[in-house]
Amino acid sequence: MKQTILALVLSCLSLAAAEKKIVLLAGSASHGPGEHEFNAGCHLLQKCLDAVPGVKTEIYTNGWPHDPMRAFDGASAIFLYSDGGDGNPFNRPERREIIDRLLERGIGLGCAHYAVEVPQGATGDAFSKWIGGYFLTNWSVNPTWTAEFKSLPRHPITSGVHPFKIHDEWYYHMKFRDGMQGVTPILSAVAPPTTLGRSDGTHSGNPAVREAVAKGDPQIVMWATERPDGGRGFGFTGAHYHKNWANEDFRKSVLNAILWSAKMDVPKNGVECSISEDDLKANLDPKGKRQ
């Protein structure tokens, strides 16, 4: 079955299509209302991306399509916004092999928030190869804090993005490739000591991260990579809170990155798209009473 799916996916790929197809993978319902709203977040991104000439997006829920052959047919980029850890949708050997074969053909990959966390080992190695780094337990941390991005590098992903600050669950101290080989920091901020107020633990602190914060080292919370196979990847650790998609600079950073990963030219002013209160309330997962 594994070989059949893989063969079908690869046989039906058509990367020469004029229209760029972007696949958005939304994870299953998670956390409380307004948090980890993967489906609603992907719909917001779809609304903006579909307004870009030459782009077609498709959303698949529960983190993985029932029919990978059809879902990935002709895709130029894949964006994963889901839970992570052992439950990361790509943390299965057969799925990891499918994604690896797709990316070897130059398809882009972006991962947001919890989706950047995977177990060390085969999946961690794959994420290092695919997007340049990942959240490693007992090394990386997941505090909620207000990150201030005072300056931005010159890169297509930062087109039209202005310095901004926003409160979110920004993971940091990621496990990057040795020497940051091929990895370009996009959003970096100095994490205050208060982000390490918890005792050491798998996600809360460790001697290495405490030393880095004490020195005032800027922490990378969004990065990009260009792979030797010609493909592109990125990681974005924010987007725990659904309301943050209303922030234009926050939203534009991810939209630009998705276009860039699909090898599209990012507009000079970035992907411009307005989000209304009604847009934010649409497609939310049924999680009970909302405040």
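Buried means under 20% relative accessible area, exposed means over 50%, and partly exposed lies in between, using a 1.4 Å probe and protein chains only. Helices (H or I, at least four residues) and strands (E, at least two) are DSSP runs, numbered from the N terminus.

This is a predicted model, where local features need pLDDT of at least 70, side-chain atom pairs count only at pLDDT 80 or more, and totals for chains, interfaces and linings use all residues. Residues are numbered from 1 along each chain as its sequence is written, and side-chain values use heavy atoms, with hydrogens and water left out.

**Confidence**

pLDDT is the predictor's confidence in each residue, from 0 to 100. The chain averages 93. At least 70 is scored by 92% of the residues. Residues 11–17 fall below 50. Beyond near neighbours in sequence, that stretch has 14 contacts (heavy atoms within 4.5 Å) in the model. Where pLDDT is low, the predicted coordinates should not be read in detail.

**Strand, helix, strand**

Start with strand β3, residues 75–81. Here 7 of the 7 residues are buried, so the strand is largely enclosed by the rest of the structure. Two strands pair if DSSP finds at least two bridges between them. Strand β1 (residues 20–26) runs parallel to β3, and 6 bridges join them. Leu-25 stands opposite Leu-80 in β3. Strand β4 (residues 108–112) also runs parallel to β3, with 5 bridges between the two. Ile-78 has Leu-109 in β4 as its bridge partner.

Helix α4 covers residues 93–104, which makes 12 residues. From its first C-alpha to its last, α4 reaches 16 Å, close to the 16 Å expected at 1.5 Å a residue. That expected span is 1.5 Å times one less than the number of residues. The buried residues of α4 are Arg-95, Arg-96, Ile-98, Ile-99, Asp-100, Leu-102 and Leu-103. Just after α4, Gly-106 takes a positive phi of about 100°.

Together, β3, α4 and β4 make a right-handed β-α-β unit. Right-handed means that, with the strands pointing away from the viewer, the path from the first strand over the helix to the second runs clockwise.

**Cysteines**

A disulfide is a pair of cysteine sulfur atoms within 2.5 Å. The whole structure holds 1 disulfide. Cys-48 and Cys-273 form it, with their sulfur atoms 2.2 Å apart. The torsion about their S-S bond is about -70°, so this disulfide is left-handed. It links distant parts of the chain, 225 residues apart. Cys-48 sits in helix α2 (residues 38–49), while Cys-273 is in the loop between α7 (248–261) and α8 (277–281). Both Cys-48 and Cys-273 are buried.

What is the nearest cysteine sulfur to Cys-42? That of Cys-111, 11 Å away, and Cys-42 is in no disulfide. Cys-42 is buried, with a relative accessible area of 0%. Cys-111 is in no disulfide either. Cys-111 is buried too, also at a relative accessible area of 0%.

**Positive phi outside glycine**

The table sets out two residues with this backbone angle.

| Residue | Phi | Loop | Relative accessible area |
|---|---|---|---|
| His-36 | about 50° | between β1 and α2 | 1%, buried |
| Asn-138 | near 65° | between β5 (133–134) and β6 (144–149) | 47%, partly exposed |

His-36 is not a glycine, yet its phi is positive. The phi of Asn-138 is positive as well, again in a residue other than glycine.
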